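Welcome to a short set of exercises. Keep the structure open beside you, try each task, and then read the solution.

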Amino acid sequence: MAVKEFEKPILKEYSPIPKLVEQATSHLAPFKSKEDFQKSLGYPGELVDNWQEVALGKMGDLLKKYRSLRVYMDSCIQCGACTDKCHYYLGTKDPNNMPVGRQNLMRGVYRKHFTLPGKFFPKLVGAVDLTKEVLDDWYSYYHQCSQCRRCAVFCPIGIDTAEISMAAREIMDSVGVGQKYCNEIIGKVHKIGNNLGLPKPALADTLEGLEEDVEEDIGVDVKFPLDVKGADVLLITPSADFFAEPHVDGLIGYAKVFHQAGISWTLSSHASEAANFGMFIGSYDNMRKLALRIREAALDLGVKRIVFGECGHAWRVAYSFLNTLAGPFDFLDPRYPVPQHICEVTHDLINKNVLQFDKSANDGKIITFHDSCNVARASNMGDIIGGQFSLPRDIIKATTNNFYDMDDETIMEKTFCCGGGGGLLTDDLIELRMKGAQPRMEALKRVVEDHGVTHMAAICAICKSQFSKAFQYYGFELDQIISLHQLVGDALIMNKKEL
Amino acid sequence: MPIEVNGKSFETDEEGYLADLSLWEKDLATAMAKEDDIDLGDDHWEIINFLREYYEEYQIAPAVRVLTKAVGKKLGKDKGNSKYLYELFPYGPGKQACKFAGLPKPTGCV
């Protein structure tokens, strides 16, 4: 495909902090959303005439609604702790991709229009008018942030650039400047139920095919139920799990776990998507509308539990916001957390000795684990401190004999983004995605060289797709990225007698 | 950006996917492939034809596993895998083959 040539980063043993290159990626901006995508989400179809007034009005609303945003605008002391923490800065060298640089794009406008010193002495405090040039910079650089929140870990004040990016995108949508990738997808979920636009007959056909595959492969009649009323568990998983590789091997893993544990479960054609891109564009209304589909499906099918599959930001939305977005869930079984992550389900079953594994089935692989940003920095698992780090690793250790973590500075709460999160997993941003993957690829290269690591497991659909591309770009193999539940599925000892 | 083939102009979106699926013709696929430096052979056509048939029935491109299985059944097990499809369509069977087949681009976390 016609992708413009760009300089390929060289993977080094240690990543030096790059010298600044002003405007290095100012040419990058994703395709803008078409009129009908915008309108279906409740936004103007194109840039409105009085856009400055509307944008500043919206910004004022958000500053009132989200106290955090005002605190983030006011409290930065420009200390520099965040500057070298963003994978996009490290990969692109553009100072606007330093978290503080990215924040300052909004901070200048904030100071001009919402603070007294900015109104009276704009030059002294770096206050700027919201001009078309500034809006263009916002569009470019707020779409060069994957909202991964790594910078916030290092900020002594705790400023969360992700929230600033989300607010900026919400303001831009409100004046008619939206991003095609996110907004087209959100429209598809509203209309069809998932990011892909996969209609029920196609989903049913795909699941039927998987049942045949698994039966042929291991001789066990593992089901992939769809819209089964009265099932105990409703599984909400990213639609990429139905469609793409290596995602589908994760789905097969979940199905084997449910089968072996004797848990009745179902997927829903109404809520056939875990992802919630409403968060990426900072839109509470869209995020809520998407989340409500899950509630509707749970009520309609009469399930007792809701379990989420491997999807990073979906787990943030589910873990942190689902109850306020779409609750109360008092109709579910109170003995289980609402919602639950598939890793929590599997981990619990391992602890109770319900699942047994033949680890040698995975002996051809030496594994490392990529912590997905939204799971790592915005959620928890298992109701224990750091459970979002320990549960996936426990599962890997229970199912394989060979596991090595990457460098401490690049895992757990300090994990580097895959380079494609936050609504940036689109081909029009391929340069940004490949450059942003550099820090993760360097860390991977070290464990490959030091420990012979052959595969990286992940628990996020975006990470898996992004790595499929980045691995090929950086000289690894496409199939070296795998789903965590593929390891589970491959090693799980299945009881064939139950047939 | 429209593509000109046999004196006809075909409208596409920003990424080169055909705007109107019903206007697709074989020469258009050949022209799109040429832009990506691919000469379409019988192997490519097997995939493109399957994609179009599947789309007609389900209004969506087939999942990768559905596609590899169908290819495996028709052309032999050694070809029923992603590696084979990537050899034919280096930019990814889901996206590049769909483009040549006139299908819309698969969206989402794929």
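**Exercise 1: A pair of helices**

Task: Which way does H5(A) cross H9(A), left-handed or right-handed, and at what angle do they pack?

Solution. We are working with a predicted model. Begin with the general idea: two packed helices are described by the angle between their axes and the distance between the axes.

- Step 1. Find helix H5 (residues 99–114) and helix H9 (residues 161–174), both in chain A.
- Step 2. The angle between them is about 35 degrees, and their axes lie 10 Å apart.
- Step 3. The crossing of H5(A) with H9(A) is left-handed.
- Step 4. Now look at the contact itself: A:Pro99, A:Arg102, A:Gln103 and A:Met106 come from H5(A), and they meet A:Thr161, A:Ile164 and A:Ala168 of H9(A).
- Step 5. Sorted by class, this contact has four nonpolar residues, two polar ones and one charged one.

**Exercise 2: A sheet**

Task: In what order do the four strands of the open sheet in chain A lie, and why is one side of S2 and S4 left without a neighbour?

Solution. Remember that strands of a sheet pair through backbone hydrogen bonds, either parallel or antiparallel.

- Step 1. The order in chain A is S2-S1-S3-S4, with parallel pairing.
- Step 2. Strands S2 (265–266) and S4 (340–341) of chain A are at the edges and have a single partner strand each, so one side of each has no neighbour in the sheet.
- Step 3. Zoom in on S2(A): two bridges join it to strand S1 (residues 233–236) of chain A. A:Val233 has A:Trp265 in S2(A) as its bridge partner.

**Exercise 3: Confidence**

Task: What is the mean pLDDT of chain B, and what are the ipTM and pTM of the model?

Solution. Chain B has a mean pLDDT of 94, with 100% of its residues at 70 or more. The model scores ipTM 0.95 and pTM 0.97.

Methods
Residues are numbered from 1 along each chain as its sequence is written. Chains are lettered from A and ligands numbered from 1 in the order in which they are written. This is a predicted model: local features need pLDDT of at least 70, side-chain atom pairs count only at pLDDT 80 or more; totals for chains, interfaces and linings use all residues. pLDDT is the predictor's confidence in each residue, from 0 to 100. Axes are lines fitted to C-alpha atoms, for helices over the stretch in contact, and angles run from 0 to 180 degrees between N-to-C directions. A crossing is left-handed if the near helix is turned anticlockwise from the far one by less than a right angle, and right-handed if clockwise. Two residues are in contact if their C-beta atoms, placed from the backbone, lie within 7 Å. Ala, Val, Leu, Ile, Met, Phe, Trp, Tyr, Cys and Pro count as nonpolar, Asp, Glu, Lys and Arg as charged, and the others, Gly among them, as polar. Two strands pair if DSSP finds at least two bridges between them.
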